[in-house]
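Thanks for coming, everyone. I'll put the model up, and then we can walk through a few places in it.

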Amino acid sequence: MTDDWRPTATIETLRERARLLAEVRAFFARRGVLEVETPVLGHGGSTEVHLVSLSAEATTPAGRERLWLQTSPEFAMKRLLAAGSGPIFQLARSFRDGEVGRRHNLEFTMLEWYRPGFSLDELIEESAALVRRVLGRERGDEAGPLRRRRYRELFREHLALDPFTAPLAELRRRAGQVGGLDMADSDRDGCLDLLMSVEIEPHLGRGGLEVVVDYPASQAALARHHRDPEDGARVASRFELYLEGLELANGYDELTDAKEQAARFAQDNAARRAAGLSEVDVDQRLLAALAHGMPEGSGVALGLDRLIQLALGKSSVAEVIAFATPRC
């Protein structure tokens, strides 16, 4: 008889996890942010090329339909914003196929919140405050002052290339060298993602919280764009927050234009077809909510299992989840 029925986290760790979840709820309660719950299943999924969604067939009032397990609660939460919810947060069960490892689990807890009227800078500061609160007094102090870095600067510093102007052939060559892969057919973002994850991310957040801003416009399908002050290149109004080489949070100045969002979904599915991937159903109800009118503001998704892993000094997310994917 094997012991694989046992949880991957100790009972004491699960008690600590519950304590930290209470800290998260208390953080938002003091700030007047409403906790909500939205469906795990939806008629639309994430069209992002580099995310692999899970789907299931189910019997509904309309008959047999394909429903998507949500990669994040974003679409449904934005529908609540359009309905007048005001600021909201959620501790959501989320799913991404193939993502199992020391930092990933197929099923995980996403902490996501939206702040109508907040600028991206305000949300960055609030995200850092939340991380420090969860880390606790001792580890929160270790997080140090928040440092800001531009995506472009990081590539120049670590790889001596400009991610916006370097030829695609050069990016493919460098990514192939770094990853030991054949990148001859990879697109620009695929090369940049690999270089970022292997060559740059492990250095981020060492000695304190670090936030990266001004990503390529193509890397934020649900964010507004602005112009890079250096040369006017379009960049995404997006940030990612790092600590100890771990990406913790991904935030946007949220796109509210329904027509622009529909066009980006279509571009994503075209890119999926070109890459030989199956298309993902577009969330038409999200587009209808945007057309109705969603308030301007910012939102952020934070991988709560990773943050708890850091707070408790564990080596993998499996150690802070009751039953990680191999034992589910």
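Before we start on helices, a word on burial: I call a residue buried under 20% relative accessible area, exposed over 50%, and partly exposed in between, with a 1.4 Å probe and protein chains only. Helices here are DSSP runs of H or I with at least four residues, strands are runs of E with at least two, and both are numbered from the N terminus.

Some housekeeping too. This is a predicted model, where local features need pLDDT of at least 70 and side-chain atom pairs count only at pLDDT 80 or more, while totals for chains, interfaces and linings use all residues. Residues are numbered from 1 along each chain as its sequence is written, and side-chain values use heavy atoms, with hydrogens and water left out.

OK, helix H2, residues 74-82. Seven of its nine residues are buried, so this helix is mostly covered by the definition I just gave. The buried ones are Glu 74, Phe 75, Ala 76, Met 77, Lys 78, Leu 81 and Ala 82. Yes, Glu 74 and Lys 78 are on that list. What covers them? The cover includes strand S5 (88-95), strand S6, helix H7 (258-274) and helix H8 (284-292). After H2 comes Gly 84, with a positive phi near 95°.

Now the strands around there. I say two strands pair if DSSP finds at least two bridges between them. S5 is itself mostly covered, with seven of its eight residues buried. On one hand, S5 pairs with strand S1 (residues 34-35) in the parallel sense over two bridges, and Leu 34 has Ile 88 as its bridge partner. On the other hand, S5 runs antiparallel to S6, joined by eight bridges. One pair to look for is Arg 93 with Thr 109 in S6.

Keep Arg 93 and Thr 109 in mind, since they come back with Arg 17. Arg 17 sits in helix H1 (residues 11-30). Is this arginine buried or exposed? Arg 17 counts as buried, because its relative accessibility is 12%. By contact I mean heavy atoms within 4.5 Å. Setting aside neighbours within four places in sequence, Arg 17 contacts Arg 93, Thr 109, Asp 305, Ile 308, Val 320 and Ile 321. Its side chain reaches the backbone oxygen of Val 320 at 2.7 Å. That's a polar contact in my terms: a pair of N or O atoms within 3.5 Å, where within protein one must be able to donate a hydrogen and the other to accept it, and residues adjacent in sequence count only if both atoms are side-chain atoms. Ile 321 is 304 residues along the chain from Arg 17, yet their C-alpha atoms are separated by 8.7 Å.

Next, a run of strands later in the chain. Strand S10 (residues 234-243) and strand S11 (residues 246-253) pair antiparallel over six bridges, with Tyr 242 partnered by Glu 247. The hairpin has two residues between the strands, and Glu 244 there takes a positive phi near 55°. S11 then pairs antiparallel with S12 over five bridges, and Asn 250 has Ala 301 as its partner in S12.

Ala 301 is buried, at 16% relative accessible area. Leaving out neighbours within four places, Ala 301 touches Met 110, Leu 111, Glu 112, Leu 248, Ala 249 and Asn 250.

Back to H7 for a moment, where Gln 261 lies. Gln 261 is buried, with 0% relative accessible area. Beyond four places in sequence, Gln 261 is in contact with Ala 221, Leu 222, Leu 255, Leu 287 and Leu 290.

There's also an open sheet of three strands, ordered S2-S4-S3 and antiparallel. S2 (41-42) and S3 (54-60) are at the edges, each with a single partner strand, so one side of each has no neighbour in the sheet. Two bridges join S2 to S4 (residues 63-69), and Gly 42 stands opposite Trp 68.

Last stop: how many cavities of 30 Å³ or more does the structure hold? One. The largest cavity is about 50 Å³ in volume. Its lining includes Leu 81, Tyr 114, Arg 115, Pro 116 and Glu 254. S6 (107-116) and S12 (297-303) are the elements giving two or more residues to that lining, and S6 gives the most, with three.For the record, a cavity is a set of points, on a 1 Å grid over the protein atoms alone, where a 1.4 Å probe fits but cannot get out, and lining residues have an atom within 4 Å of a point. Grid points are joined across faces, edges and corners, and the volume is the space filled by probe spheres set on them.

Conventions
On a 1 Å grid over the protein atoms alone, a cavity is a set of points where a 1.4 Å probe fits but cannot get out, and a pocket is an open set with protein on both sides within 12 Å along at least five of seven lines; lining residues have an atom within 4 Å of a point.
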